[in-house]
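Welcome! Take a look at the structure first, and then we can talk through what some of the labels stand for.

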Amino acid sequence: MLELAASSPHLRTARRSESMMILLIIALLPGMLISSWFFGYGLLLNALCALLLSSLFEAMAVAMRGASVQAALGDRSVLVTALLFAIAVPPGSPWWLLASGLLFAVFIAKHAFGGLGQNPFNPAMSGFLFLLLAFPSQMSAWHIPAGGGSVLSLDALQQSLVAMFPGLATDGFVRDGMAMATPLMEHGAAAPAALPLAWSEGLPMWQPAGATGWELANLGYLAGGLLLLLWRVIDWRIPLTILLTMSGLVLLGDALHSESIRGSVYTQLLGGATLIAAFFVATDPETSATSRRARLAYGALIGTTAFVIREWAYYPDAMAIAVLFGNFSAPLLDEAFRPSIFGDNVGAGDRNRGTRA
Amino acid sequence: MSELPKTRHSAASFHGGIYLPPRKGKVLRHRIMPQPLPPSLTIPLQQGQGTPPTVVVEVGTRVLKYQLLAQATEENSVCAHAPTSGVVAAIGDCPVAEHGHPPRPCIQLRVDHQDEALELTANSDYLNLDDHEMRRLIESAGICGMGGAGFPSAQKLKAGLAQGVSLLIINAAECDPYICADEALLREHAREVVQGAEILRRASRATDCVIAIEKNKSAALQPLCEALSSSDIELALLEPRYPSGGERQLIQALNGRELARGSYPHDQGVLVFNVATAHASYKAVALGIPCVSRVCTLTGAPLITPKNFDVLIGTPVSFLLNLCGLEPLPTQEFIVGGAMMGRLLSDTSVALDKTSNCLIATSDEEFALPDSELPCIRCGRCAEVCPAKLQPQQLYGAVRAERMDLTSEFGLDACIECGACAYVCPSSIPLVQYFRAGKSASRSWQRQRNSAQRWQVRFTSHRRRLQLQRRARAANKAAKQRVDSAPPFSRAQAREEIAAAVARVKARREQLGVSTDDDAEERS
């Protein structure tokens, strides 16, 4: 075992991981609030339920591993996992769906690999993908409160609660609200002929409250992501390369007049989970590449993968898979793009004069 | 103001680094306090990694100020002189100002407060001495690198001379927070420092000489510019980005090239000396004064009057703290050196040596207790600031897993322990501690591996030897068996054979023309 002696430096920055996690949570709020404004309480209920369940699971997992529960909950990383997971799963999902996803995220994806910092795959996305494979039908329907009233009415809240806890349903209550697919699913299934309309009017099929809620929510996540850049919580390289790669590939498809390339830069970036994945999920430091050039490659890889899955696999949740694929490749990218060490990248003349063995 | 000095612009910028709060202003309000006399001095003999010099005084000897106490005999040892007059009280191992170091040889001097000095011979025409004589004076004055490493300056000059020096750098960057000993020295003795630089330039036969200083060192800049105005020594202004004063970073900034890993500055034709070393060289060569004191910053919030002192080598830390008025705090520690690279003191009875440029009394306000360590989340902030361009997050994983093969691949040996990574780490991981532990573990791993390899070689050759022996034995046995299976011994045949052999020898001798006088011998 290594013997650690007290040592310099004696000064430290005050900035800690916990405060970065709090900033991440704050940055998620604009998008979440806008989304709730348009689609009702489902997302907020998801978030609340996920926060409670994930903290419980985290405490259980840590206790089983014999580590300090207080320290593990204190690092607040599980809260970020919970929120990202809550945003990913459809609003109005039943509680057991959230529980099974989070159980997988916390126990298998995070603690089976050694907990915070050791997990190779993003826990929230792993849990989400687990649900997609295990419960495809529950995962394909988005529950939006039905009825003529506002999605923020008490009635809508009741509907969302019943969706989450089916046991609460009383007689005569309409359990099913409006179930919808994600915009890119819609778009992927639509004929290319529908696209000019989507371009000119901004995804018109997706205007539940008379506004383009989905796009605005995504713009909220974009604002949150820009805040993270401003606060220097995340590095610009990963989100920028993801967005540039995806846009570039669409433009390339356009330039080649390829029949198989659908969509525009606008729908690629503002539809689906592109922005939230680029700013909040792919930048998760534990599972992403670390050095500068490796991060550029990592972002480009995720962007390309997401584009390929969306365009040719017709799969709506491309971003989650692309990010996990990026996670999978991150150690290799780190190895392949390892920067040279000070003094290794010198002219041959200097090196020969050195006393290097 | 007189004409501006020649300036050299940074040729390149080193990777990473951090901007730190300087925290030097309060100390710089005061002038350097002249040599306070403590009741006793404990003069450390060993400098840095070197070997101790040979003591030339005995217990009970009365010595005068500047008198030689220990003579450097090895290449990496440094002479020691009496900082004031007094009686040698003890010679032996004492605890030193480095935490965790075993006691080192020291001379204890009971100060008699007479401060009676030897007659010194000054060289009025010191700049025209030949370089060999300059180096001799520097060596006999006991000057070593006063910026931290304590390497004998005369040896460094010789090493540079052997390779040829194109650039001599006087390092006045002083990038570590709190330390302002060099800044104060330049403010009050800029002319001497510039003369010292000139001496070092001549002693190393360097073509160019640059004094490098961070551009926020406002107290030192004006006197330095004035002192440089009549000289062709250049001035380089550095961005105040820690660790701008790191030797390799400094060379990169001024030379535009990275120093190859594992090589020394003189391999690139560069020598770097600290400002204090230049000042000491001036005193030694021009005035004949050996190195018996240095400027040391005493600072930290618990000190009522933090100041710079011209301290005698061997002054106990506690004596200086009392002079500054120390407010005792429940959790208080003392750091020798800067806040970023200094070392914690084990206790305050220890003495300062030639490399001690700063003494910090810590307080909870300025030095918060280390937060609990969190898991590494691989955020890569450490890699952003690492001036050695390492990936500390990977290195940390390798060190923790004790994968010594990986640590060397990830460049653990290139780590300069500047602490920038640990400073920014959001998980409060004491990375430098891990890297220091990793370095020593790596050294012992290397030793073990070498020894294992040596034994492997021995073992294989041992096995081969055994095999050869076995083969030889088997061959002998076979030969014996052949002999055994030969016809039984007959006396007549033996005689015949002997006669034939004698005849053969005789014939050969005759052929060679050797006289057969010694036939008798043959017969016997």
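Q: What makes strand E7 and strand E8 of chain B a pair, and do they run parallel or antiparallel?

A: Two strands pair if DSSP finds at least two bridges between them. Strand E7 (residues 86-94) and strand E8 (residues 104-111) of chain B are joined by 8 bridges and run antiparallel, so they meet that definition. One of the bridges has Gly92(B) with Cys106(B) as its partner in E8(B). Strands here are DSSP runs of E with at least two residues, helices are runs of H or I with at least four, and both are numbered from the N terminus.

Q: Where do these numbers and letters come from?

A: This is a predicted model, in which local features need pLDDT of at least 70, side-chain atom pairs count only at pLDDT 80 or more, and totals for chains, interfaces and linings use all residues. Residues are numbered from 1 along each chain as its sequence is written, while chains are lettered from A and ligands numbered from 1 in the order in which they are written.

Q: Why is Arg378(B) called buried or exposed?

A: A residue is buried if 20 or more other C-beta atoms, placed from the backbone, lie within 10 Å of its own, exposed if 12 or fewer, and partly exposed in between. Arg378(B) has 25 within 10 Å, so it is buried.

Q: What is Glu402(B) called on that scale?

A: Glu402(B) has 15 C-beta neighbours inside 10 Å, so it counts as partly exposed. Its phi is near 55°, a positive value in a residue other than glycine.
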